[in-house]
Amino acid sequence: MTDQEIVAKINSALAEEFEYDLAAMTPETTLFEDMGLDSLDVVDLVIVLETAFSMKVREEEAIRKIRTLGDIHEFVIAKKRQLEGDR
Amino acid sequence: MLLRRVVITGVGTVSPFGRGIDNLMDGLLAGRSGVVELPALAEITGMRTRVAALVTGVDPMEIPRKFRRSMSSMSVFATLAAQDAVAMAGLAPEQLSGGQLGVSIGSTTGSPQTMEEFFREFNADHSLERMKSTLFFHIMNHSCASNVAQVLGVTGRVLAPAAACSTSTHAIGYGAEMIGLGKQEFMLCGGADEFHPLTSGTFDIINAASAGFNDTPHQTPRPFDARRDGIVCGEGSGILLLESLDSALARGAEILAEVTGFATNSDPGSIANPDTACIAQCMRLALADAGIEPGEVDYVNAHATATEQGDIAECAAIAEVFGAQTPVSSLKGHLGHTMAASGALELAACVEMLRRGVLVPTLNLDQVDSACAGVLHQREVARRRVDTVIKNNFALGGVNSSIILRRYV
């Protein structure tokens, strides 16, 4: 899966879960201000990512620092690369 | 007896006839049935009933995601009905959030659909890792009440009575008493339920669900009829905006009806089977609360769900209290048994009967069971002045309830 495909999959999954306009999603889009998410949504965001990419990330320290879509893209890409390297 | 007079200034309904009181009344007065065949029920081993009365004509997407995420369908129904009741009453935003409005809305249980989804996932591998954050808000017993309060910005009291079929009658009665005591100026009161096979199954297990009209769903349930064979479960929500008379007069609101009496009692004789004496006592307590005699009641809106024992016990109680001169009908033939919504949905229809001067007959009552004789069954739509109505609900668990409405003068 290319980085571009990962980004597209993340955006698509989050747009569906949070009923957000896919066309308006950029790396600079902020989760709290732009997308209007709150602490409950963040719990569900983690589940969406875990389900979409078949991985466990809930306890990752890095996930607490995520503020933008770009942060998510970078986090998931890095995590996938790490998992692929572990194999 | 209420210390302050309490009136109804708004009504909202979500029923098998769609959203809104006019759709509800159109269906009732046209003698339509909201009951449909539900083939999925046939796939459940041991389930004999295959009919249900499901809500039509609502769009959950009207509710913003921020609020909708914590709602199962019962809360969606309650929210849409509550919004309609508030709009009809013409409450201003500051009246919603100023602390003078409370909520009293119940359901039989928290969302059975969400509970099923939770346990299906949970039992697969005993894992919580896929559980969404808002799951609890669907299954808590006060889900409907809290969701309505959140959407409307209510800062007053939130109450969520639960007594199965008596739920919304309780919710309205307790709401009226809160206003009567001066604790709140306005109360959004009622109930909601969503259909789930568990509900039908509960009655099917105890041989109280209709199974003889699966291929002709419009012919069941049949309250008081000789061929009745049980309950048809339904879903929906009825919400009434109750208000002190002083408040309604001060703001020039249209007064739809007055709540003059409420009573509830417990029948410890059986957790399942109704008792004539206990039902009669409940109605007498409501009459006493309203300070009226049985002869002053123009119409009895019966609970009558079309069970063998329930209809007989209620008829005998009505005959004992009111004799054979007061018209009686049940709306279950049209709407099925909408459970926690039934009291409020049917009371909303009673409000309209008062306003319009019309009585809705019992649907599917072709031949009165001889055991249900002794009362005046309303068999046709009747145009006549209606000043005072008593509305009954009786619940599994031995919980009876009656409310008295009067035309406001």
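Helix H1 (residues 21-29) and helix H14 (residues 342-356) of chain B meet with their axes within 10 Å, crossing at roughly 80 degrees. That angle makes H1(B) roughly perpendicular to H14(B), because angles of 65 to 115 degrees count as roughly perpendicular. Please keep in mind that this is a predicted model. Below you will find more on this crossing, then on another helix, a buried aspartate and chain A.

**Where H1(B) meets H14(B)**
- From H1(B), the contact is made by B:Ile21, B:Leu24, B:Met25 and B:Leu28.
- H14(B) brings B:Ala348, B:Ala349 and B:Glu352 to the contact.
- By class, the residues of this contact divide into 6 nonpolar, no polar and 1 charged.

**Helix H12 of chain B**
- H12(B) covers residues 308-322, and its 15 residues should span 21 Å at 1.5 Å a residue.
- The end C-alpha atoms of H12(B) are 22 Å apart, which agrees with that expected span.
- Many names appear on the buried list of this helix, including B:Gly310, B:Asp311, B:Ala313, B:Glu314 and B:Cys315.
- Further along H12(B), B:Ala316, B:Ala317, B:Ile318, B:Val321 and B:Phe322 are buried too.
- The cover over the buried residues of H12(B) includes helix H11 (276-290) and strand S10 (299-301) of chain B.
- Strand S11 (327-329) and strand S15 (388-395) of chain B are also among the elements that cover them.
- Just after H12(B) comes B:Gly323, with a positive phi near 75 degrees.

**A buried aspartate, B:Asp204**
- B:Asp204 sits in helix H9 (residues 197-205) of chain B.
- With 22 other C-beta atoms within 10 Å, B:Asp204 is buried, because the cut-off for a buried residue is 20 or more.
- Leaving out residues up to four places away in sequence, B:Asp204 touches B:Met47, B:Arg48, B:Thr49 and B:Ala209.
- B:Asp366 lies 162 residues from B:Asp204 along the chain, and their C-alpha atoms are separated by 24 Å.

**Chain A and its contact with chain B**
- An unreviewed UniProt entry places the feature "domain: Carrier" at residues 1-80 of chain A.
- Over residues 1-80, chain A is 54% helix and 0% strand.
- The end C-alpha atoms of that stretch of chain A are 9 Å apart.
- The contact between the chains takes 6 residues from chain A and 5 residues from chain B.
- On the side of chain B that touches chain A, there are no nonpolar, 2 polar and 3 charged residues.

How values were computed: Residues are numbered from 1 along each chain as its sequence is written. Chains are lettered from A and ligands numbered from 1 in the order in which they are written. This is a predicted model: local features need pLDDT of at least 70, side-chain atom pairs count only at pLDDT 80 or more; totals for chains, interfaces and linings use all residues. Helices (H or I, at least four residues) and strands (E, at least two) are DSSP runs, numbered from the N terminus. The expected span of a helix is 1.5 Å times one less than its number of residues. A residue is buried if 20 or more other C-beta atoms lie within 10 Å of its own, exposed if 12 or fewer, and partly exposed in between; C-beta atoms are placed from the backbone. Two residues are in contact if their C-beta atoms, placed from the backbone, lie within 7 Å. UniProt positions are given in the numbering used here, feature names are shortened, and annotations may be inferred rather than shown by experiment. Axes are lines fitted to C-alpha atoms, for helices over the stretch in contact, and angles run from 0 to 180 degrees between N-to-C directions. Angles under 35 degrees count as roughly parallel, over 145 as roughly antiparallel, 65 to 115 as roughly perpendicular and the rest as oblique. Ala, Val, Leu, Ile, Met, Phe, Trp, Tyr, Cys and Pro count as nonpolar, Asp, Glu, Lys and Arg as charged, and the others, Gly among them, as polar.
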